[in-house]
Amino acid sequence: MRTGRSLRQRGAPALVDYCEQMRYRVLARARLVAEQTARREAQQMAQIKSDFISMMSHELRTPLNSIIGFSEILAQPSTFVNDSDRVNYAQLINSSGKHLTSVVNGILEMSKIQSGTYQVTLAPTNLIEILSDVVATMEVVAHKSGVALETDWGTEEVVVKVDDTRLLQSVRNIVENAIKFTERGGRVTVGCHLNMQGAGVITVSDTGVGMDEAELARAMTPFGQAGQGISGDAGGSGLGLCIAKELTQLQHGRFSIRSAKGEGTTVTFTFGEPSHQMAAAGGGDEQAAGESRTQQLRKAVSSHVGH
Ligand SMILES: Nc1ncnc2c1ncn2[C@@H]1O[C@H](COP(=O)(O)OP(=O)(O)O)[C@@H](O)[C@H]1O
Ligand SMILES: [Mg+2]
């Protein structure tokens with residue numbers, strides 16, 4: 001305004017008009033860009049929602065079809081089914097039922113996470129105690145699968161702020177995966193240490209089948225499964241990795257996964273990292289960008305799973 005008045009005083013009305021026109025054009029352009037961005041975001045959101053619904057329906061329908069189909073055959077008095085087929089069909093019904101349970105549980109879990117009803121209570125915790133519990137509960141599974149379950153930590157406590165229940169749940173998911181995708185004779189190692197910044201680092205490494213880049217990207221999407229488990233069937237919901245990552249982020253932690261086909265996989269959780277806590281409070285860049293996608297997914301899940 002001051003510039004405009006002084007220009008007018010100097011008798012340059014045409015220049016003032018020109019400046020105002022430019023200002024108007026810049027504002028109009030900014031408005032247009034904002035509208036286009038909002039429209040694009042709305043379209044992306046609609047796409048995410050529809051992808052999520054179709055994935056969810058597929059995941060629910062597949063085991064349901066097996067249950068209905070095989071139970072109909074068994075219930076049909078006129079159809080002859082020999083003993084070995086009967087057992088086979090009953091086992092398929094049973095495994096489909098279990099699969100359905102894990103899919104429904106996974107969806108409810110994701111829904112709970114995004115709805116904000118998850119109580120996360122961060123308190124100073126010795127990570128090694130939690131990991132010892134996880135290892136103790138997974139030892140039987142590892143033994144049955146012929147996989148050695150080892151630990152790698154020192155005598156020092158690793159105390160950082162986490163939610164012990166959520167941490168246990170996330171790490172157990174990851175150790176379960178590590179065992180499931182490692183052949184007999186392989187090894188799963190759960191490690192823990194304090195890094196130079198005083199953050200608590202947990203690693204779960206396996207010598208299993210590993211994933212290439214495309215498989216890893218697929219594995220990190222909801223319901224995404226890179227391949228079959230060692231026992232032939234991947235089982236599970238394909239939501240375990242997403243849930244573990246979400247739960248880690250709820251605790252202001254960082255979740256990362258590295259994998260190489262045929263060489264194994266390492267998942268790393270980092271808790272109590274000063275820079276990441278700042279990012280969680282709104283100052284981050286890379287992480288914040290990653291989370292906006294997660295938040296979109298949360299919204300998509302929330303509006304379709306219901307809670
Ligand atoms: N440690 C691992 N080694 C190889 N593949 C893995 C590992 N962990 C996860 N995956 C792949 O990622 C997919 C998704 O894992 P997850 O989200 O836990 O779902 P689920 O275990 O229910 O299949 C798995 O089906 C598998 O293909
Ligand atoms: Mg899993």
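Is D83 buried or exposed? D83 counts as exposed, at 54% relative accessibility. The model is predicted. Helix α2 spans residues 13–75, helix α7 is largely enclosed by the rest of the structure, and strands β6 and β7 form a hairpin. The whole structure holds four salt bridges and zero disulfides.

**Helix α2**

- Helix α2 has 63 residues. From its first C-alpha to its last it reaches 91 Å, close to the 93 Å expected at 1.5 Å a residue.
- Several α2 residues are buried: V16, M45, I48, F52, M56, E59 and P63. A charged residue, E59, and a proline, P63, are among them.
- Y18 also belongs to α2. Its relative accessible area is 48%, so Y18 is partly exposed; the cut-off for exposed is over 50%.
- Y18 joins L15 and M22 in a nonpolar patch on the surface. Together the three offer about 280 Å² of accessible area.
- L64 sits in α2 as well. L64 is partly exposed, with a relative accessible area of 37%.
- L64 and H99 are 35 residues apart in sequence. In space, their C-alpha atoms are 9.7 Å apart.

**Salt bridge within helix α3**

- Side chains of opposite charge can pair when their charged atoms come close.
- R86 pairs with D83 in a salt bridge. The closest N and O atoms are 3.1 Å apart.
- Both residues lie in helix α3, residues 83–115. They are three residues apart, about one turn of the helix.
- R86 is partly exposed, with a relative accessible area of 41%. D83, at 54%, counts as exposed.

**Salt bridge between strands β4 and β2**

- R187 forms a salt bridge with E150. The closest N and O atoms are 3.8 Å apart, and the cut-off for a salt bridge is within 4 Å.
- R187 lies in strand β4 (residues 187–194) and E150 in strand β2 (residues 148–152), so the pair ties together parts that are 37 residues apart in sequence.
- Both ends are partly exposed: R187 has 39% relative accessibility, and E150 has 36%.

**Salt bridge from strand β6 to a loop**

- The side chains of R254 and E273 meet in a salt bridge, at 2.5 Å from N to O.
- R254 is in strand β6, while E273 is in the loop between β7 and α8 (274–283), so this pair ties together parts that are 19 residues apart in sequence.
- R254 counts as partly exposed at 30% relative accessibility. E273 is buried, with a relative accessible area of 9%.

**The β6–β7 hairpin**

- Strand β6 covers residues 254–260 and strand β7 covers residues 264–271. They run antiparallel, joined by seven bridges.
- Within this pairing, I257 stands opposite V267 in β7.
- Three residues lie between the two strands of the hairpin. In the turn, G262 has a positive phi of about 80 degrees.

**Helix α7 and the loop after it**

- Why is helix α7 described as largely enclosed by the rest of the structure? Eight of its 11 residues, in the range 240–250, are buried.
- The buried residues of α7 are L241, C242, I243, A244, E246, L247, T248 and Q249.
- H252 follows α7 and lies in the loop between α7 and β6. H252 is not a glycine, yet its phi is positive, at about 60 degrees.
- H252 counts as partly exposed, at 32% relative accessibility.

**Cysteines**

- A search of the whole structure finds zero disulfides.
- C242 is buried, with a relative accessible area of 7%. C19 is partly exposed, with a relative accessible area of 41%.

Definitions and conventions. Residues are numbered from 1 along each chain as its sequence is written. Chains are lettered from A and ligands numbered from 1 in the order in which they are written. This is a predicted model: local features need pLDDT of at least 70, side-chain atom pairs count only at pLDDT 80 or more; totals for chains, interfaces and linings use all residues. Side-chain values use heavy atoms; hydrogens and water are left out. Helices (H or I, at least four residues) and strands (E, at least two) are DSSP runs, numbered from the N terminus. The expected span of a helix is 1.5 Å times one less than its number of residues. Buried means under 20% relative accessible area, exposed over 50%, partly exposed in between (1.4 Å probe, protein chains only). Patches are made of residues with over 30% relative accessible area and no salt bridge: like charges are joined within 9 Å, nonpolar side chains (Val, Leu, Ile, Met, Phe, Trp, Tyr) within 5 Å. Accessible areas come from the Shrake-Rupley method with a 1.4 Å probe; for residues, only the protein chains shown count as cover. A disulfide is a pair of cysteine sulfur atoms within 2.5 Å. Two strands pair if DSSP finds at least two bridges between them.
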